[in-house]
Each structure stands twice: as C-alpha cells, then as structure tokens.
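Work through the exercises below with the sequence and the model at hand. Each task is followed by its solution.

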Amino acid sequence: MIDLYYWPTPNGHKITLFLEETGLPYTVKPVDIGKGDQFQPEFLAFSPNNKMPAIIDHAPADGGAPLSVFESGAILVYLANKTGRFFGADVRQKVEVNQWLMWQMAGLGPMTGQYGHFNVYAPERIDYAIDRYTREVQRLLGVLDRRLAGRSFIAGEEYTIADMAAYPWINPYTKAPLDLEPYPELRRWHAAIAARPATARAYALTAQVNPDAGKPLTDEQRKQLFGR
Ligand SMILES: N[C@@H](CCC(=O)N[C@@H](CS)C(=O)NCC(=O)O)C(=O)O
C-alpha cells in the first residue's frame, strides 16, 4: 500500500494520474498547504523541502522497511520503476521520457508556477514579472507544441510519465488563462489525456480533498504559502 501525501494542485495531480492509470492501491493523506501541514515535523521528516507531493511505499520491491520519496518527478520515476509501466520500453525511449520529464520539472512547472504567482497571488502588480513569465510560458508551450507534431504523446506513441508531469501544468490558472489557440498539437494532446478515464478519476479527488478549491486565498492561507 502507498500513502500519498497530497493536495489537489498541479504537482499533486501528477501522482494521482499515475496511480489511477495503474490501479496501484493508495491512501490519500491530505496535506493542507493553506493550513501549514507541510511544516509539521512529521511531514518534514520525509519531505524536507516542505512541499507535497510525497509518498511512503509500505511494500517496496526489496521487501525492506517503508520507503519514502519526495519531489513529483522522483515519485513518478519510482512508481514507473516499481510497476514497469509508463517509462518507455527500451533505453532510447527511456531517454526520451526522462529528458522531457526533466524539462517539465525544471522548466514548464516552475515557469508556469511563477506566471501564476505574479498573475493570481502577488499582492501588487509587477508588469516586468508578468511579462517575463508570460513570454517564458508561451515559449515553453511552443516547444511542447512542436515536439508533439507527428507524435501522439511527448515521448512517442505511448502515454508516459513525461505526459503525466506536463498535463497538469497546461493552463492551470482559471483566473489567468492563456490563449492556447497558437498550439494545435498541444490542444489535441491535452484533449486526449483529458478524455482518459484515469484522468477523470484523478481530478475528481480535487473536490473530495479540498471542497474550497478555486476560491480566493484567505489571508491565513496566503501567510502559510508565501509568508515564510
Ligand atoms: N518541485 C516540487 C514542487 C512541489 C510544490 O511546489 N508543491 C507545492 C504545491 S503545488 C507545495 O507543497 N507548496 C507548499 C509550500 O510551498 O509551502 C515537486 O515537483 O514535487
């Protein structure tokens, strides 16, 4: 059994996308990041960067003690190795999956996160930051759109953890939507993943775990998330 330390955000969705695709049994352990659960010593003991997602696998492959993993990319790689699924069939496919997973972790995720921060959460409007991150996100969406030309998914014809990492970060801010019109391959790919039953199951957890999802942040939530 896997304990998933989770809150319904783009980085959290990556892991539920994987778990729902594979049917691996898991228990959701909510980490309410607006209440400061990520700073609790019990959580920091295995997730020292005070961010979710994290997992504890109580039945690791070596039969040993429970194994914890933090960082969404590392969790996806761990789960893909554990199940032998969604990481490509041979060394060349694995390189494709891995390099696009790193591209998401180091580029699309952080840049889109900053785009969201300065458009949705910042207490004052800073035009330079908004312009900078808008242009960078548009550049990255263009990179992904070109990559998807002639391919069903990011690494080829198979759905992989590279897709699961990128999908939740495509236009995640309803209060600051981007125009996806210039990216037809990306829109085709995104619609295909949205139509998967596992994707619907993964996103259905949002309302269950955080009924307040989508509401403006309270001052207390803002303090927990951005005040330390
Ligand atoms: N690089 C990390 C980023 C995780 C992350 O940013 N998690 C956010 C929510 S999406 C979080 O837990 N924030 C709480 C905080 O910053 O205090 C990963 O991919 O797992």
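**Exercise 1. Find the polar contacts of the ligand, starting with Glu71.**

Solution. Step one: a polar side-chain atom of Glu71 lies 2.8 Å from a nitrogen atom of the ligand. This is a polar contact, meaning a pair of N or O atoms within 3.5 Å. Step two: a polar side-chain atom of Lys51 is 2.6 Å from an oxygen atom of the ligand. Step three: for Met52 a backbone N or O atom takes part, 2.9 Å from a ligand nitrogen atom. Step four: on its own the ligand has 510 Å² of accessible area, and the protein covers 82% of this; such areas come from the Shrake-Rupley method with a 1.4 Å probe.

Two notes on the source apply throughout. This is a predicted model, in which local features need pLDDT of at least 70 and side-chain atom pairs count only at pLDDT 80 or more, while totals for chains, interfaces and linings use all residues. Residues are numbered from 1 along each chain as its sequence is written, and side-chain values use heavy atoms, with hydrogens and water left out.

**Exercise 2. Describe the shell around the ligand.**

Solution. Step one: list the residues with a heavy atom within 4 Å of the ligand. Among them are Thr9, Ile33, Phe39, Asn50, Pro53, Ser72 and Met105. Step two: sort the shell, which gives five nonpolar, five polar and two charged residues. Here Ala, Val, Leu, Ile, Met, Phe, Trp, Tyr, Cys and Pro count as nonpolar, Asp, Glu, Lys and Arg as charged, and the others, Gly among them, as polar.

**Exercise 3. Which peptide bond is cis, and where is Pro53 found?**

Solution. Step one: the bond from Met52 to Pro53 is cis, with omega near 10 degrees. Step two: Pro53 sits in the loop between helix H2 (41-44) and strand S3 (54-57). Helices (H or I, at least four residues) and strands (E, at least two) are DSSP runs, numbered from the N terminus.

**Exercise 4. What is the phi of Asn50 and of Glu71?**

Solution. Step one: most residues other than glycine have a negative phi. Step two: Asn50, in the loop between H2 and S3, has a positive phi near 45 degrees. Step three: Glu71, in the loop between strand S4 (67-70) and helix H3 (72-83), has a positive phi of about 80 degrees. Step four: Asn50 is partly exposed at 25% relative accessible area, and Glu71 is partly exposed at 37%. Partly exposed lies between buried (under 20%) and exposed (over 50%), with a 1.4 Å probe and protein chains only.

Note on methods:
A polar contact is a pair of N or O atoms within 3.5 Å; within protein, one must be able to donate a hydrogen and the other to accept it, and residues adjacent in sequence count only if both atoms are side-chain atoms.
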